[in-house]
Amino acid sequence: MPHVDTAKAVELLDLMLEFFADDGHWTRGSYDDGKGGHCLVGALLRLGREHGLPTAPAIALLQDAMPRPGLPLVHFNDTRCGSAGELRSVILKARRLAHDDEERERAAAAVKAWLLGQIQKRRSARAAHIEEAEPDQPVAPERLAA
């Protein structure tokens, strides 16, 4: 995930943590209960819309943070999640995953830069070796034979 997407996803996850700091803001069975309560996805969509933040990167991180791979966010909220505290812990895990992704991207960029440097060194060494060869030496006849 590009750094810009990650930063916006973390911003949205932070807004969700603020929203769900009040246990009364969490609901099950509907995106919006009409009394200020939202489910995980409902809060994500509402906060993303209100703050002009893309929701897809945060959804991907939340999906990766699920206690069981492939568990849909709505199903987790409505049937598996036992409390607003558990919901907050999933959001926190998604934040950690975002920072892990950023660190992995930085490490990959550093390795790529190092590898490109090594390739350049070898190319330079080969070019220097070729220039050092004596061009005036005759080629041995046995090397000319097909």
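In this predicted model, Tyr31, Leu45 and Val74 together form a nonpolar surface patch of about 250 Å². One member of the patch, leucine 45, belongs to helix 2, which spans residues 40-51. Its relative accessibility is 34%, and leucine 45 therefore counts as partly exposed, since that class lies between the limits of 20% and 50%.

Leucine 44 is also part of helix 2. Leucine 44 has a relative accessible area of 0% and is therefore buried. Leaving aside residues up to four places away in sequence, leucine 44 touches Leu12, Met16, Thr55, Ala58, Ile59 and Leu62. For one of these contacts, Thr55, the backbone separation can be given as well: the C-alpha atoms of leucine 44 and threonine 55 are 6.9 Å apart, although eleven residues separate the two positions along the chain.

The description now turns to the interior. The largest nonpolar core comprises 32 residues, and those with the most contacts inside it are Met16, Leu40, Leu62 and Ile91. Two or more residues are contributed to this core by each of helix 1 (3-19), helix 2, helix 3 (56-65), helix 4 (73-80) and helix 5 (84-132). Helix 1 supplies the largest share, eight residues.

Which residues does methionine 16 touch, when residues up to four places away in sequence are not counted? The contacts of methionine 16 are Leu40, Leu44, Leu47, Leu62 and Ile91. Leu62 is likewise touched by leucine 44, and Leu40, Leu62 and Ile91 are, with Met16, the residues that have the most contacts inside the core.

Terms used
Residues are numbered from 1 along each chain as its sequence is written. This is a predicted model: local features need pLDDT of at least 70, side-chain atom pairs count only at pLDDT 80 or more; totals for chains, interfaces and linings use all residues. Side-chain values use heavy atoms; hydrogens and water are left out. Patches are made of residues with over 30% relative accessible area and no salt bridge: like charges are joined within 9 Å, nonpolar side chains (Val, Leu, Ile, Met, Phe, Trp, Tyr) within 5 Å. Accessible areas come from the Shrake-Rupley method with a 1.4 Å probe; for residues, only the protein chains shown count as cover. A salt bridge is a side-chain nitrogen of Lys or Arg within 4 Å of a carboxyl oxygen of Asp or Glu. Helices (H or I, at least four residues) and strands (E, at least two) are DSSP runs, numbered from the N terminus. Buried means under 20% relative accessible area, exposed over 50%, partly exposed in between (1.4 Å probe, protein chains only). Contact means heavy atoms within 4.5 Å. A nonpolar core is a set of buried Ala, Val, Leu, Ile, Met, Phe, Trp, Tyr and Cys residues joined through side-chain atoms within 4.5 Å.
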